[in-house]
Each structure stands twice: as C-alpha cells, then as structure tokens.
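Subject: The structure I promised you

Hi,

Here is the structure we talked about, ready for you to open and turn around. Have a look at it first, then read on for what turned up.

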Amino acid sequence: MISQPDAGGADGARARGKVSADRYAEGMLSHGLPTELRRLRVMERMLDPGEITVLRGLGIQPSWHCLEMGAGAGSIARWLAAQCPAGRVVAADVDTSFLDGSELPNLQVVRRDVEHEDFPPESFHLIHARALFMHLADRDAALSRAVGWLKPGGWLAVSEADMFPVDSTPHPAMKRLWTAVEKLFRSQNADPRWARRLPLLFSRAGLVDLGMSVTVDIIGAGGVPDEFWRFSLDQLNPFMVRQGLADESVYEEARALVDDPDFRDTLWAYVRAWGRRPGR
C-alpha cells in the first residue's frame, strides 16, 4: 500500500520540511540522478549483512510494528516485513519513488520528511535508520524525537558513515578528494563526522542496553566497496566541480587509484548503534 504525505504536524512544520525536501531533491543524492538507484542497490549489498546481524540480535517478534526511516530503495524495510508477518512495517522517505510495498500487505510506504514531521508517540517496537541522520540539518533533535515514537521497551538502531579514517590516508590524491567530499557534504548541511556521537546521544535520550559496532571499508580489494565507491565518486564529482571544491584532475587521480589492482586503503567507517527505551 502506498500512502500520500501525512505531515503529522502544523502547516508551519510542513513548510519547513519543504526546504529540507527541496535540498535533497536537487542535491548529490537525489533520486532524480540516473545513477542513484544503482548506487543504493550496491550500498544494500555492501551494508545489509551487517544491518541484519544487528537487527536479529534485538529479538524481533512477528507482531512488531517497525519504522524504517529514510528507507531508500527498501531492502531493510522488506526484510523487516518478512520478519514481522503479524505486525506492520512503515517505510518512510522524503522521496518514495524507489519504494514499492504492493506485494507485501504489512508494508506501508509513506512520504515523510522526518526532520520536521512526526509519527504518533509510542507507535513502534523498532525504529531503524541508515545513512539518514548525517544528512539532516537538525540531526540531534530529529534523533531525540524518534525516541519518542518508540513504545516502552522498543529499540532504536541507527547506522551512519563516519569519515574519520580518511585523515590518515597515505595517498595524497585520496586526501585531496575526501577533503573536497567533506566540504560538499557540509554545503548541504550534512555532517560526515557525526556518527561517533551516536552512543552519547542515545544515552542522553534515555536509552538503555546500548550497543555499538564499527566496520571499515577496504577499497582496492576488488569487492563490493570498490563498486560502491566508483558509483559514488562518479556521482559526486560534478557537484564538487560545479562548486569549485575540486577540479577534474583531483577526481581522475583518485578514481585511477580505485582501479589500480595494487591499491589498498580504508575510507569511511560504518558506525552502528542501538539502544532500548526503558519500560515493559
């Protein structure tokens, strides 16, 4: 079932949300870009196994109501729907063009700008988000609000990329490129160094039973990360050039490294954190 927008707040909140939605629609991760769906599909192949390992450990029950925030191309939402046949899964995104819940009766697709629009309090046993909060201008507040949507005893699980390993790369071309990438992200109100704050923010929001895991890409080993970063660099490059953050030579030198069979390096780390709202 596909639902139309439900603001869950006043007209002012809806108007503020439009600013965020427009920024996303026109930016470097827009669903309108011809490579974005393929990039998301590769990201699913790269990250889903780790996400599923964490989610399985939370003791998902068949009757749970779950929310997938920033559902992207929908792989985790569909997986959750299969785990909760007697429950309900809401897949929310500011752009739902890559989502289809028609074949899963317990999967509901909704357009929602979760930075400004709410769900009812205590609605979900599990809320999951991947590669979402770092792109929100008021990410700390959005995470705190999401905690309020959890039922007592419900779990919040968040996965975000953090570029902290890039500073120490021995490859000058990669360092130049990722300096430009960070400036590009920040120009769109994203923070690629936010993820390490997750356990602290979970604690401040009152969550308990906190957990954390970190994985790091190895690029140059011929695996899925190579494929993902080729798509990502190709997609980001025009935006960096247009904003004067890097010229084509920076991109070309770094891109050549990715294709070099002797090249090995680490890029972003993926920080996963989870916690439970106290209660029954």
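Here's a warm-up: in which helix is the place of Asp-226? The answer is helix H7. Asp-226 is buried, with a relative accessible area of 3%. Leaving aside neighbours within four places in sequence, Asp-226 is in contact with Ile-218, Ile-219, Gly-220, Ala-221 and Val-258. If you want a feel for distances, pick Asp-226 and Pro-105: they are 121 residues apart in sequence, and their C-alpha atoms are 36 Å apart in space.

One thing to keep in mind as you go: this is a predicted model.

**The whole protein**

The protein has eight helices and eight strands. Its radius of gyration is 19 Å, close to the 19 Å that the globule rule gives for 280 residues, so the protein is as compact as a globular protein of that length. Along the principal axes, the C-alpha atoms fill a box of roughly 55 × 40 × 40 Å.

How much of the protein is buried? Buried residues make up 53% of the 280. Now take the contacts with a separation of 6 or more: 77% of them are accounted for by residues 24 or more positions apart. On the outside, the protein exposes about 12100 Å², and carbon and sulfur atoms supply 53% of that. As for charge, there are 33 positive and 38 negative side chains, and the centres of the two sets lie 5 Å apart.

**The cores**

Some background first: in soluble globular proteins, nonpolar side chains tend to be buried together.

The largest nonpolar core here has 40 residues, and those touching the most other members are Met-174, Leu-177, Trp-178, Val-181, Phe-185, Trp-229 and Trp-268. Helices H2, H5 (172-187), H7 (224-242) and H8 (248-259) each supply at least two residues of this core, and so does strand E8 (265-276). Which element gives the largest share? That would be H5, with eight residues.

Try zooming in on Trp-178. Not counting residues up to four places away in sequence, Trp-178 touches Met-163, Val-166, Trp-229, Leu-233, Leu-267 and Trp-268. There is also a second, separate core of 29 residues, which includes Phe-133, Leu-143, Leu-150 and Leu-198.

**Helix H3**

Helix H3 covers residues 75-83, and its buried residues are Ser-75, Ile-76, Ala-77, Trp-79, Leu-80 and Ala-81. What covers them? The cover includes helix H2 (36-56) and strands E2 (65-69), E3 (88-93), E4 (107-111) and E5 (124-130).

Ser-75 is worth a click. Its relative accessible area is 13%, and buried means under 20%, so Ser-75 counts as buried. Leaving out residues up to four places away in sequence, Ser-75 touches Glu-44, Asp-48 and Arg-130.

**Two loops to look at**

Start with the loop between E4 and E5, where you'll find both Glu-122 and Ser-123. Is Ser-123 buried or exposed? Ser-123 is buried, at a relative accessible area of 12%, whereas Glu-122 counts as partly exposed at 38%. Glu-122 also has a positive phi of about 55 degrees, although it is not a glycine. Setting aside residues up to four places away in sequence, Ser-123 touches His-65, Trp-149, Leu-150 and Lys-151.

Next comes the loop between H5 and H6 (198-204), which holds Pro-192. Pro-192 counts as buried, with 0% relative accessibility. Which residues is Pro-192 in contact with, leaving aside neighbours within four places in sequence? They are Met-134, Ala-161, Asp-162, Met-163, Glu-182, Phe-185, Arg-186 and Trp-268. Two of these names, Phe-185 and Trp-268, also appeared in the description of the largest core. Pro-192 and Ala-131 are 61 residues apart in sequence, and their C-alpha atoms are 9.9 Å apart in space.

Asn-189 sits in the loop between H5 and H6 too. Asn-189 is partly exposed, with a relative accessible area of 37%. Its phi is near 65 degrees, a positive value in a residue other than glycine.

Have fun exploring!

Cheers

Methods. Residues are numbered from 1 along each chain as its sequence is written. This is a predicted model: local features need pLDDT of at least 70, side-chain atom pairs count only at pLDDT 80 or more; totals for chains, interfaces and linings use all residues. Side-chain values use heavy atoms; hydrogens and water are left out. Helices (H or I, at least four residues) and strands (E, at least two) are DSSP runs, numbered from the N terminus. The radius of gyration is taken over C-alpha atoms; the globule rule is 2.2 Å times the number of residues to the power 0.38. Buried means under 20% relative accessible area, exposed over 50%, partly exposed in between (1.4 Å probe, protein chains only). Contact means heavy atoms within 4.5 Å. Accessible areas come from the Shrake-Rupley method with a 1.4 Å probe; for residues, only the protein chains shown count as cover. Lys and Arg count as positive and Asp and Glu as negative; His and the chain ends are not counted. The place of a charge is taken as NZ of Lys, CZ of Arg, CG of Asp or CD of Glu. A nonpolar core is a set of buried Ala, Val, Leu, Ile, Met, Phe, Trp, Tyr and Cys residues joined through side-chain atoms within 4.5 Å.
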